[in-house]
Amino acid sequence: MGSLFRSEEMALCQLFLQSEAAYACVSELGELGLVQFRDLNPDVNAFQRKFVNEVRRCDEMERKLRYLEKEIKKDGIPMLDTGESPEAPQPREMIDLEATFEKLENELREVNQNAEALKRNFLELTELKHILRKTQVFFDEMADNQNEDEQAQLLGEEGVRANQPGQNLKLGFVAGVILREKLPAFERMLWRACRGNVFLRQAMIESPLEDPTNGDQVYKSVFIIFFQGDQLKTRVKKICEGFRATLYPCPEAPADRREMAMGVMTRIEDLNTVLGQTQDHRHRVLVAAAKNLKNWFVKVRKIKAIYHTLNLFNLDVTQKCLIAECWVPLLDIETIQLALRRGTERSGSSVPPILNRMQTFENPPTYNRTNKFTKAFQALIDAYGVASYREMNPAPYTIITFPFLFAVMFGDLGHGAIMALFGLWMIRKEKGLAAQKTDNEIWNIFFAGRYIIFLMGAFSMYTGLIYNDIFSKSLNIFGSHWHLSYNKSTVWNNNFLQLSPATSDYEGTPYPFGLDPIWQVATSNKIVFQNAYKMKISIIFGVLHMIFGVIMSWHNHTYFRNRLSLIYEFIPQLVFLLVLFFYMVLLMFIKWNRYEATNAFPMTEACAPSILITFIDMVLFKESKPPGKDCHVYMFWGQSFFQTVFVLIALACIPVMLLGKPIKIMQARKLANVQPITGGSSDAEVGGMPNGGGGGHHDEEEMSEIFIHQGIHTIEYVLGSVSHTASYLRLWALSLAHAQLAEVLWTMVLSLGLNKEGWLGGIFLTVVFAFWAVLTVGILVLMEGLSAFLHTLRLHWVEFQSKFYMGQGYAFAPFSFDSIIENGSAAAGETE
């Protein structure tokens with residue numbers, strides 16, 4: 001459990017593997033996923049490494065598998081996914097896999113080429129069939145129009161002159177098919193290029209035709225062009241070629257056209273039969289490949305990852321041993337050694353592997369063990385910055401503080417229940433939902449944070465009970481502790497009704513749990529009461545949260561034995577917070593305890609001093625004024641003296657934070673008479689490792705830089721304490737906004753449906769309720785929930801973690817088959 005609060009202890013180890021056993025050992029380590037290898041050949045080109053040929057072979061196999069996958073998806077064939085991960089094949093099995101993939105690819109490409117050629121022939125015959133059918137109509141029309149006037153209309157004046165007695169008029173023609181969208185431009189080009197001396201007839205093909213190249217459905221039209229002379233014929237053919245129109249032979253005699261049409265129909269029937277057989281064969285090949293495709297992908301990616309990792313190793317002088325360096329968790333060294341022994345036994349090698357721990361001053365990677373519950377909370381922390389090595393991990397505390405602060409802003413029993421039920425549904429169905437892999441980024445974010453969503457909803461239900469707020473209404477569980485003397489009409493119709501605890505309407509005993517539901521009718525001072533309540537608890541929670549963050553820094557300083565930071569940073573920082581802001585919190589509790597509406601004068605509510613004014617006067621050393629005549633200035637005896645002392649102590653902490661640590665470091669350097677020192681008691685290194693993010697490692701730093709950095713940190717902390725305290729007021733502001741939006745939706749939407757009567761009112765209420773439910777989920781749950789989530793994230797990243805968290809480490813990225821397969825990457829280095 002200790003690793004949850006602080007990252008795992010890491011060790012840098014040197015690994016010696018026999019060449020014959022290296023593949024099997026790395027395979028076992030990949031299944032284990034606990035070893036991060038270092039590149040021992042950083043200056044060697046990727047194409048000059050020892051196993052580059054094996055990696056290329058794996059790339060080629062992956063290319064073939066992607067081709068198969070593309071063809072399988074094109075046919076809509078489901079791929080079998082058992083969810084199991086086969087072991088990495090032995091190197092000798094690569095040849096069998098390559099042969100299998102080569103055979104499948106060649107067979108599939110040959111089938112595709114044959115199918116494409118058959119489809120092209122089928123398309124040509126289909127277009128020819130339509131041409132023979134459509135042109136028959138054109139020729140029939142020409143046979144009926146042989147008089148001189150109609151010939152003049154076809155050929156123009158030159159045609160009329162050519163059709164004088166003694167001359168034989170013979171029209172030439174070409175027929176073809178063109179894409180329908182090109183037809184208008186085609187017609188204009190013919191008219192302009194041939195100067196109107198051609199006649200174009202066209203007819204649409206009603207059914208779409210399949211393009212054999214890409215399988216798209218295209219619409220085409222049949223055309224026939226009549227002309228006279230070889231010159232126009234050449235010009236027409238060039239225009240057809242430019243517009244990619246396909247020309248087909250069309251006999252002039254009707255008998256020849258009928259004979260050709262019968263032959264075309266016979267060939268189309270034969271082609272349909274052959275195409276069906278080809279598609280059946282292709283389908284059988286793809287179905288057989290789909291059963292093993294997922295496993296093949298896993299095997300190839302594992303092989304490639306192993307060889308990619310082996311390229312990070314070095315060869316010894318005998319070329320028989322591979323040497324590697326790796327980061328491993330200290331607690332898992334025995335597990336890693338067992339995996340290495342299993343790999344050696346699998347390979348049949350008689351030389352056992354050697355795993356030696358090395359001493360290093362390099363900063364180790366940060367490794368926090370997580371499970372499916374803590375993983376999402378750890379991801380929130382790592383999004384800000386990975387913790388420095390062995391630094392205090394905020395994630396376990398965030399499990400409680402994050403949903404609680406969210407719930408303070410999102411306090412509503414109804415909205416919290418919606419969110420909690422959604423999170424609970426994802427948790428209950430997580431196995432099935434996890435198996436349904438999707439590329440929808442929003443859904444993946446929701447599913448990854450299912451436990452966060454559930455906790456945020458559950459905590460929001462709790463704070464909703466505290467606020468006694470459910471869809472802007474209240475629950476009357478225990479009965480009200482107020483007895484109003486107003487009549488019913490006044491309560492329902494008076495928009496200026498106030499509740500005063502000074503009257504006999506109030507029983508004098510607090511409500512057992514949360515707010516009294518009677519505040520729903522206090523239209524005038526309800527918001528005033530809730531504002532004062534929520535504003536104060538926001539400051540209380542904020543100050544306690546910041547104090548807790550400062551206390552966390554004490555754990556870092558003591559662990560890294562950083563005595564200077566402990567004395568000259570932690571103590572003055574904590575004292576500064578306590579004497580100013582925690583004292584302000586104490587004043588709130590004192591005011592709540594001493595001043596009541598029914599107390600004897602001068603302890604009445606009217607004489608209660610303002611906490612904010614008191615705090616400002618305290619910092620300015622200014623005498624506070626009484627809030628009213630005959631009222632006491634202070635809430636307890638000696639308050640003025642204590643406030644003066646507290647401010648003086650806070651001011652004294654500032655030079656201690658600013659100068660204490662740099663002066664001590666300067667004195668230590670002078671005593672050691674070394675500039676800079678090589679080892680100081682203030683910056684101790686633990687176990688041969690650097691102090692990481694928890695200490696102040698200043699051995700290589702100039703004194704001027706130390707003073708500057710310390711000044712920046714001091715100013716940031718002092719000014720940040722004020723701004724961070726005010727920043728927690730967002731808890732109050734968003735809570736108020738959420739409650740008011742819920743009330744607006746109820747008043748302006750749902751209440752309209754509730755006021756209607758009769759069966760029409762029932763229908764109207766159904767429609768209004770649906771509209772209200774959509775707005776509630778869309779605006780109040782999703783949008784307001786996202787807003788509260790982001791504000792809570794900021795409170796943790798800035799106000800809380802800035803007190804102790806450096807976040808300057810780098811994540812532990814072990815060689816793991818699971819992460820490689822999940823990310824779809826075969827290169828082990830890409831997972832880092």
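Here are some questions and answers about how the terms for this predicted model are earned.

Because the model is predicted, local features need pLDDT of at least 70 and side-chain atom pairs count only at pLDDT 80 or more, while totals for chains, interfaces and linings use all residues. Residues are numbered from 1 along each chain as its sequence is written, and side-chain values use heavy atoms, with hydrogens and water left out.

Q: What makes the pair Arg369 and Glu8 a salt bridge?
A: A salt bridge is a side-chain nitrogen of Lys or Arg within 4 Å of a carboxyl oxygen of Asp or Glu. Arg369 and Glu8 meet with N to O at 2.6 Å, so the pair passes the 4 Å test. The structure holds 28 salt bridges.

Q: Where in the chain do Arg369 and Glu8 sit?
A: Arg369 is in the loop between strand 11 (354-358) and helix 11 (374-384), and Glu8 is in the loop between helix 1 (2-5) and strand 1 (10-18). That puts them 361 residues apart, so this pair links distant parts of the chain. Helices (H or I, at least four residues) and strands (E, at least two) are DSSP runs, numbered from the N terminus.

Q: Why is Glu8 called buried?
A: Buried means under 20% relative accessible area, exposed means over 50%, and partly exposed is in between (1.4 Å probe, protein chains only). Glu8 has 3% relative accessibility, so it counts as buried.

Q: And what about its partner, Arg369: buried or exposed, or in between?
A: Arg369 has a relative accessible area of 27%, so the label is partly exposed.

Q: How do you know that Lys302 and Glu31 form a salt bridge?
A: Their side chains meet at 2.8 Å, N to O, and the limit is 4 Å, so the pair counts. This pair also links distant parts of the chain: Lys302 is in helix 9 (residues 293-310) and Glu31 in helix 2 (residues 19-32), 271 residues apart. Lys302 is at 1% relative accessibility, so it is buried, whereas Glu31 is at 35%, so it is partly exposed.

Q: What do Glu102 and Lys64 tie together?
A: These two side chains meet in a salt bridge at 2.3 Å, N to O. Glu102 lies in helix 4 (residues 93-144) and Lys64 in helix 3 (residues 52-74), so the pair ties together parts that are 38 residues apart in sequence. Glu102 comes out as partly exposed because its relative accessible area is 34%, and Lys64 counts as buried because its relative accessibility is 7%. Elsewhere, salt bridges that share partners join Asp59, Glu62, Arg301 and Lys304 into one network.

Q: Why are helix 12 and helix 18 called roughly antiparallel?
A: Helix 12 (residues 395-409) and helix 18 (residues 526-559) pack at an angle of about 165°, with their axes 12 Å apart. Axes are lines fitted to C-alpha atoms, for helices over the stretch in contact, and angles run from 0 to 180 degrees between N-to-C directions. Angles under 35 degrees count as roughly parallel, over 145 as roughly antiparallel, 65 to 115 as roughly perpendicular and the rest as oblique. The two helices are therefore roughly antiparallel.

Q: Which residues make the contact of helix 12 with helix 18?
A: Contact means heavy atoms within 4.5 Å. Helix 12 brings Tyr397, Thr401, Phe404, Leu405 and Val408, and helix 18 brings Phe541, His545, Phe548 and Met552. By class, that gives seven nonpolar, two polar and no charged residues. (Ala, Val, Leu, Ile, Met, Phe, Trp, Tyr, Cys and Pro count as nonpolar, Asp, Glu, Lys and Arg as charged, and the others, Gly among them, as polar.)

Q: What makes Ser460 buried?
A: Ser460, found in helix 16 (residues 450-467), has 0% relative accessibility, so it counts as buried. Not counting residues up to four places away in sequence, Ser460 touches several residues, including Phe406, Phe410 and Leu413.

Q: How do you know that Gly753 is buried?
A: Gly753 has a relative accessible area of 1%, so buried is the right word. Gly753 is in helix 23 (residues 730-754) and touches Gly761, Phe764, Leu765 and Val768, not counting residues up to four places away in sequence.
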